[in-house]
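Biologist: Could you take me through one part of this model closely, starting from a single charged side chain and its partners and then working outwards to the surrounding architecture? I would like one connected account rather than a list.

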Amino acid sequence: MGFNRRNFLITGTGAAVVAAAGVGGPWVRRANAAEFAYKVGTNLPANHPLNVRIQEASEAIKKETDGRVDLRVFPNNQLGGDPDMFSQLRAGALEFYTVSGANTLSTLVPKASISGVGFAYKDYDQVFAAFDGDLGAHIRGLIGKANLVVQDKIWNNGFRQITTSTKPIKTPADLQGMKIRVPGGRLWISLFKALSAAPASISFNEVYSSLQTKVVDGQENALAVVDAAKLYEVQKYCSMTNHMWDGYWLLGNKTAWEKMPPTVRDIVSKHLNAGALKQRQDVIQLNASLQKTLEGRGLAFNAADANAFRQTLKSANFYTEQKQYFGDEEWSLMEKYTGKLA
Ligand code: X2X
């Protein structure tokens, strides 16, 4: 067969049909990979309700968007410690990231750490009234100004307790000079310095080993985290101080977020926020029931004198200094829910 226009066309068509039926072209891959395949980085082990509920939301999102959005959860610092994940998020290498307002987020948005003021919020009702109310709206506004996207509902890390390998912490005197691991960000350092401890900022991915090797004597976290991260293996005492509440904002990279059409974004937010509401209850229940389980795993529990701690903080001018740091507007937004602190 000589080369003529007719043969060329037939051959051309045939090649196109073969390619479309075969594997490997981008037009084929699009049929089974999501249009928005996004990662969610977290610092907690996979079995913690934070990850379980994000995973569940991700499945609902995939279904309702007909597979267009696929959020893959990377728990347990698989993508790096908090400072690493935060940089990845800001650079666009990570699309979503959960972070405590008092932890790494506060290095960019200092006032987000107002969620962690010591002995401020009385109980979970007060916390969620504040963060679903005017205080939360204000903080989300500041996060937005820092060019990050934040979902409306804050996730529950819980009220924090102190664990040690050395002794029970019943009053502030027991903390005197104690080397205690705290997360990054200024709030934790000011709180534990005001209580005369020796706080050291260490990323969560290094907490277990720093307790095991006794780089620090203790740490503080909610029982759900002590359990999920198996900190009971390297700690002896758990003091129920409830010294601060802590919560996670679910942050998004703005460019990645805006690539999704508004109707798709609404579906994503709807399921993530519904997941947060369920996760809050999961953690409340876990924190209420875990003491028995953890006692069974060898942790010795004791109560702590919350009033003595609050008095020490007052005498150390902790509240007056924090008020100055946060400013009148933020401080009164908080006191609207907590009552007067300074
Ligand atoms: O780093 C911690 O201790 C943790 C897991 O509670 C936070 O993310 C603040």
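Modeller: In this predicted model, Glu56 counts as partly exposed, since its relative accessibility is 33%. The side chain of Glu56 meets that of Arg53 in a salt bridge, with 2.8 Å from N to O, and Arg53, at 17% relative accessibility, counts as buried because the limit for that class is under 20%. Both residues belong to helix H3, where a spacing of 3 residues means that about one helical turn separates them. The pair does not stand by itself, for Arg53 and Glu56 are linked with Lys278 and Asp282 in a network of salt bridges. The structure as a whole holds 17 salt bridges.

Another of these salt bridges joins the side chains of Lys62 and Asp70, at 3.9 Å from N to O. Here Lys62 is partly exposed, with a relative accessibility of 39%, and Asp70 is likewise partly exposed, with a relative accessible area of 21%. A contrasting setting is found for Asp246 and Arg160, which form a salt bridge whose closest N and O atoms are 3.0 Å apart. Asp246 lies in strand S11 (residues 245–253), while Arg160 sits in the loop between strand S5 (155–159) and S6, so this salt bridge ties together parts of the chain that are 86 residues apart in sequence. Both ends of it are buried: Asp246 has a relative accessible area of 1%, and Arg160 has a relative accessibility of 2%.

Returning to helix H3 (49–64), the loop between strand S1 (36–41) and this helix contains Asn43, a residue that is buried, with a relative accessible area of 4%. The side chain of Asn43 makes a polar contact with the side chain of Asp82, at 2.9 Å. Setting aside neighbours within four places in sequence, the residues in contact with Asn43 are Asn76, Asn77, Asp82, Met85, Asn103, Phe204 and Tyr248.

A further buried position is Val149, in strand S4 (residues 148–150), which counts as buried at 13% relative accessibility. Apart from neighbours within four places in sequence, Val149 is in contact with Leu250, Leu251, Gly252, Lys254 and Trp257. Glu95 is 54 residues away from Val149 in sequence, and the C-alpha atoms of the two are 10.0 Å apart in space.

One of those contacts of Val149, Leu251, leads into the nonpolar interior, where Leu251 is named with Leu135 and Phe192 as having the most contacts inside the largest nonpolar core, a set of 54 residues. For Leu135, leaving out neighbours within four places in sequence, the contacts are Ile114, Tyr121, Ala130, Glu330, Leu333, Met334 and Tyr337. A second core, separate from this one, has 41 residues, including Tyr38, Trp155, Val234 and Val268.

Strand S6, which came up above as one boundary of the loop that holds Arg160, also takes part in an open sheet of 6 strands, ordered S8-S7-S9-S6-S10-S12 and mixed in its pairing. Strand S8 (198–201) and strand S12 (300–303) form the edges of the sheet, and because each has a single partner strand, one side of each is left without a neighbour there. From one strand to the next, the twist averages 30°. Within the sheet, strand S6 (residues 161–164) and strand S9 (residues 218–221) run antiparallel and are joined by 4 bridges, and Thr164 stands opposite Gly218 in S9.

To place these parts in the whole, the chain has 14 helices and 12 strands, and its C-alpha trace spans about 100 × 45 × 30 Å along the principal axes. Of its 342 residues, 52% count as buried. Among contacts between residues at least 6 apart in sequence, 74% join residues at least 24 apart, and the salt bridge between Asp246 and Arg160, with its separation of 86 residues, offers a link of that long-range kind.

Key:
Residues numbered from 1 in each chain as written. Predicted model: local features only at pLDDT ≥ 70, side-chain atom pairs only at ≥ 80, totals over all residues. Heavy atoms only, no water. Helix = DSSP H or I, 4+ residues; strand = E, 2+ residues; numbered from the N terminus. Buried < 20%, exposed > 50% of the residue type's maximum accessible area, 1.4 Å probe, protein only. Contact = heavy atoms within 4.5 Å. Polar contact = N/O pair within 3.5 Å; in protein donor to acceptor, adjacent residues only side chain to side chain. Core = buried A, V, L, I, M, F, W, Y, C linked by side-chain atoms within 4.5 Å. Pairing = 2+ DSSP bridges. Axes fitted to C-alpha atoms, helices over the stretch in contact; angles between N-to-C directions. Salt bridge = Lys/Arg side-chain N within 4 Å of Asp/Glu carboxyl O.
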